[in-house]
Amino acid sequence: MAILPEIHGPQDVKRLSPEACGQLATELRQTIIDTVSRQGGHLASNLGDVELIIALHRAFDSPRDKLVFDVGHQTYAHKLLTGRQEQFSTLRSYHGMSGFPCHAESEHDLFDTGHSSTAISMALGLARARDLNHEDYHVVAVVGDGAMTGGECYEAMNDAGNGHNRLIVILNDNEMSISQNVGALSNYFKHLRASASWYGGKKRLRRDLERIPLIGTHVANAAEKFKNMVKSVVTEGALFEALGFRYLGPFDGHNIDEMTHVFEEAKQVSDMPLLIHVITKKGHGYDLAERQPEKFHGVAPFRVENGLKRNQSGKESAAQVAGKALVALGAEDKRVVAITAAMAGGTGLTDFSTYYPDRFFDVGIAEQHAVSMAAGLARAGMRPYFAVYSTFLQRAYDQIVHDVCLQNLPVCILSDHAGLVGDDGKTHHGVLSVPMLQSIPNLTLLAPRDTEQIRQAVRASIALEGPCVIQYPKDGIEPYARSLDGEGLAVGCWQRLREGTNAVALAYGRMTKHVLLAAETLAGQGIELEVIDCCSIKPMDEVCLGRLAKEGRPVFTVEEGELIGGFGAEAGRRLSDLGLRAPVVTIGIENRFITHGAMDCLLEECGLMPDQLAARIERAYRGWENEHVR
Ligand SMILES: Cc1ncc(C[n+]2csc(CCOP(=O)(O)OP(=O)(O)O)c2C)c(N)n1
């Protein structure tokens, strides 16, 4: 008989026999594989931590005890065990279940997350609040070895380890970030794994616990003496111990019994933070994912029998196009170096890393460091290109301002996934890109509308003497229009794509295409819309702005981005300064976080589909026309 359907919450997991837990793990894996193969999502990470999550729910008492998952892309089993089986089939779809922890979805999800390396900080905050309120529960942060390459983890541990905070950090070590984990720390983890010698979890636990003063039933009477004795010879976990954490492990992260036992014992420790090191295999239980964990990290819908995508599109993503352009640039100019923060594949840098391995740097999940390091490279005469998703670039804001733009250094950031991203949802949309960047002095901001313009922008960037961001949406949009003036992309120049006498639309990125389609509809309604592609967000096209201000027609700005501080707000300010005596209507994303789902659903929700744009422009134009045109 199936066990999973009988699990309505963590209390049901606690009741199971050890044998039943094994069966539950198998059923969870099956459900995850079935669902992700239909819906897409994060597969390998979720298969790897099934036993860990079962053990967590056996030993701890969520939601009373607080479980905080770092990134949150590995919480499918947690969702399935905390009363959300019915919604699970809607994973990542519009109005369906989020692919990440979601507080509105369940009291078992403490935070809405999707960015890496924040869990220990959040957990420490919870632990401190608990202590201030004289409450008594456990706080557990679950962090991957990839996430551990992010500096915030060490800021949090440095802080936590300085006091006597009761806090448990579980390091889920599968040797992988999205691709193979990198850096000295990943070598350190390797050393810990090798030195473990795997002589049995219980024995190891006993030895580890003897190093902890005054815990539960295991307190050896001579614990303190023994601890000091052992400490001098045990070097395992020395890094964590130096940060004030007691290191336990490593343990087999696929052995539910062993982990439950370890966690139960860890609960007895009240006067110091613990780091429990568990070893798991990414993709565990699905052969294809075990063999190719990077490919199965995040997947589109696929066939379980062979792992092939259900919809083979063959279309190049924007990242792939940018990556190829960078390879070409790298061939011509040996100063060109490429940087990724643990996302070489996703940001299109795999080819560059193969062709020019000595000019390629994967810095781990460390966007702040990537930007500052790029500043160093640039100061020493190199031409660094940092390819990153727009949403993760947010983390490096101060480094862009202080280390790059203030120094006016020629660092180029290829900011991928700008705009809405679809089913990853609110943690991943890159809709703050323009508001975040356009106010920074010295920065050039380009927003290519299609793949051809991406190539042109990458090429144009090498000639710049200062910092530059090239932002583009996730999808590779093939060329669909030409500039009426016959020019290619150039800094400070906009492109007129359509003539029109009644009103003007200024757009960039994916919205340029939607506006051109809207213009066709409007033409049928007697409104001729001039369409301008504003591929150079900053600097703006001064000649074009001057012309528009003089002509005095209504201007519509359309962007797939936040309106406050956005392109439209700035273009409107400039046009007003230049004396435009007609309205500037700004269309974009109202100030709120946008949910997850298919791209068209999200664009529709934001009123940015071509027919919606046509209707919005028509309404506003007619209103103005009624008042001003006789
Ligand atoms: C700040 C930030 N940068 C990049 C990412 C993209 N990302 C998502 S998961 C992941 C790898 C995480 O590795 P690990 O923590 O070891 O978890 P695993 O997938 O191996 O279970 C990366 C780089 C992110 N979520 N947040």
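In the predicted model, C21, L24, A25, L28 and R29 of helix α2 meet V50, E51 and I54 of helix α4. By class, this contact of α2 with α4 holds six nonpolar residues, no polar residues and two charged residues. Helix α2 covers residues 18–39, and helix α4 covers residues 50–59. The two pack at an angle of about 130°, and their axes lie 10 Å apart. Helix α2 is therefore oblique to α4. The crossing of α2 past α4 is right-handed.

A second helix pair is formed by α6 (residues 119–132) and α7 (residues 152–160). Their axes are 7 Å apart, at an angle of about 30°. Angles under 35 degrees count as roughly parallel, and α6 and α7 are therefore roughly parallel to each other. From α6, the contact draws on I120, S121 and L124. From α7, it draws on E152, C153, A156, M157, D159 and A160. Six residues in the contact of α6 with α7 are nonpolar, one is polar and two are charged.

A third pair comprises α14 (residues 318–332) and α20 (residues 451–461). The axes of α14 and α20 come within 9 Å and cross at roughly 35°. This crossing of α14 and α20 is right-handed. Helix α14 contributes A318, V321, A322, A325, L326 and L329. Helix α20 contributes T451, I454, R455, V458 and R459. The contact of α14 with α20 has eight nonpolar residues, one polar residue and two charged residues.

At the level of the whole chain, the domain assignment gives three entries: domain 1 (4–298), domain 2 (318–471) and domain 3 (495–628). The C-alpha centres of domain 1 and domain 2 are 33 Å apart. Contact between these two domains involves 22 residues of domain 1 and 19 residues of domain 2. On the side of domain 1 that touches domain 2, 15 residues are polar, four are nonpolar and three are charged.

The ligand was examined next. It is surrounded by 24 residues. The closest are S45, S116, G144, G146 and A147. By class, the shell around the ligand has 11 polar, nine nonpolar and four charged residues. Both domain 1 (4–298) and domain 2 (318–471) give residues to this shell, so the ligand lies between them.

Backbone geometry was also surveyed. Most residues other than glycine have a negative phi, and most peptide bonds are trans. Three sites in the chain are described here against that background. The peptide bond from G249 to P250 is cis, with omega near 0°. P250 belongs to strand β5, which spans residues 246–252. A cis peptide bond also joins K538 and P539, where omega is about 0°. P539 is placed in the loop between β17 (536–538) and α22 (542–551). The remaining site concerns phi. V71 is not a glycine, yet its phi is positive, at about 65°. V71 sits in the loop between β2 (66–69) and α5 (76–81).

Notes:
Residues are numbered from 1 along each chain as its sequence is written. This is a predicted model: local features need pLDDT of at least 70, side-chain atom pairs count only at pLDDT 80 or more; totals for chains, interfaces and linings use all residues. A residue is near a molecule or strand if its C-beta atom, placed from the backbone, lies within 6 Å of it. Ala, Val, Leu, Ile, Met, Phe, Trp, Tyr, Cys and Pro count as nonpolar, Asp, Glu, Lys and Arg as charged, and the others, Gly among them, as polar. Domain bounds come from an automatic or database domain assignment. Axes are lines fitted to C-alpha atoms, for helices over the stretch in contact, and angles run from 0 to 180 degrees between N-to-C directions. Helices (H or I, at least four residues) and strands (E, at least two) are DSSP runs, numbered from the N terminus. Angles under 35 degrees count as roughly parallel, over 145 as roughly antiparallel, 65 to 115 as roughly perpendicular and the rest as oblique. Two residues are in contact if their C-beta atoms, placed from the backbone, lie within 7 Å. A crossing is left-handed if the near helix is turned anticlockwise from the far one by less than a right angle, and right-handed if clockwise.
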